[in-house]
Amino acid sequence: MSIHVKNITKLFGPQKALDKVSFNVHTGEIVGFLGPNGAGKSTMMRIITGYLAPDSGNVLINNSDIADNPVSVRKQLGYLPEHNPLYPEMYVKEYLEYIAGIYKLDKDSGKRITEIIDQTGLGPEQHKKIGALSKGYRQRVGLAQALIHDPGVLILDEPTSGLDPNQIVEIRNLISEAGKEKTVMLSTHIMQEVEAVCDRIIIIDKGKIRADEDKVSIFSRATKETATVLVEFDIRVDELMLQNVEGITGIRHLDGNTLLLETPAYEDIRPKLFRFAVDKGITVLSMQMKEQSLEEVFRDLTS
């Protein structure tokens with residue numbers, strides 16, 4: 001299953017929410033869709049799932065245009081919206097039976113409901129009303145309804161919102177397993193989640209795609225003129241002591257005897273720091289180059 005987004009533009013009055021957006025997602029890929037608030041993420045996801053029509057451009061799901069074949073295409077989609085819409089007065093199992101009926105899973109619906117309850121960890125809560133569940137468990141119900149008809153394409157908008165750390169790991173594992181056979185696109189503000197789960201990252205800002213690359217390549221999109229070294233000595237070292245160490249362009253004291261040193265990006269000053277420590281009779285307790293995080297890349301591309 002594949003997603004092909006071609007030159008999608010969407011206007012809300014004078015505001016251009018999406019501006020000729022194009023990208024592809026292929027089977028077996030888990031793609032993270034990132035952007036600041038108001039960048040167009042949720043709008044794009046609603047267009048992909050057919051809940052919103054674009055002003056121009058088109059979306060193909062497995063080479064079928066959702067505008068021309070909305071019912072058949074939606075059968076191939078599983079969608080968890082940002083604001084998870086549920087029926088609080090229904091019981092969990094009752095709700096999933098209702099969703100199974102919508103997708104006409106009558107033949108093996110009982111078996112499939114049992115499977116999906118187990119898969120999403122809803123077993124202990126299946127006989128409770130949805131309104132009585134915690135936010136985390138309501139999110140699991142939303143994931144269960146998105147997966148129940150075994151769709152080829154999963155569109156997940158903030159799938160781990162409201163979950164505790166253990167639940168987040170479980171849902172990440174579930175998404176990773178789904179991504180082996182399905183096309184998965186997820187939106188999140190949790191950078192660690194993208195790094196842990198996604199194969200590829202698309203960054204959107206002000207309705208335009210700013211980056212669309214695999215995780216390794218995307219770090220090269222944001223170039224920095226400086227690098228940082230985190231070093232801890234066994235005594236407090238001040239700026240005057242380090243003034244003769246060539247290559248240090250900035251010094252910031254952190255807790256205790258730890259320093260954050262700024263250097264030119266092309267220069268590794270760690271050997272010089274070791275020589276400095278030996279000359280002064282100081283012990284280096286730890287030292288590391290700080291790599292640029294995905295969060296920093298994100299800020300560079302969207303600032």
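Reader: Which residue follows H3, and what is special about its phi?
Author: Happy to start there, bearing in mind that this is a predicted model, where local features need pLDDT of at least 70, side-chain atom pairs count only at pLDDT 80 or more, and totals for chains, interfaces and linings use all residues. Residues are numbered from 1 along each chain as its sequence is written, and side-chain values use heavy atoms, leaving out hydrogens and water. Helices are DSSP runs of H or I with at least four residues, and strands are runs of E with at least two, numbered from the N terminus. After H3 comes Lys104, with a positive phi near 60°.

Reader: Which residues of helix H3 are buried, and how wide an arc do they cover?
Author: Buried means under 20% relative accessible area, exposed over 50%, and partly exposed in between (1.4 Å probe, protein chains only). In H3, residues 92–102, the buried ones are Val92, Tyr95, Leu96, Ile99 and Ala100. They sit on the same side of H3 because their arc, taken from the directions from the helix axis to the C-beta atoms, is only 140°.

Reader: Which helices do the buried residues of H3 pack against?
Author: Contact here means heavy atoms within 4.5 Å. The partners are helix H4 (109–119) and helix H5 (135–147).

Reader: What percentage of the residues in the protein is buried?
Author: The protein has 11 helices and 14 strands. Of its 303 residues, the buried share is 47%.

Reader: What is the radius of gyration of the protein?
Author: The rule for a globule is 2.2 Å times the number of residues to the power 0.38, with the radius taken over C-alpha atoms. A compact globule of 303 residues would come near 19 Å, but the protein has 24 Å.
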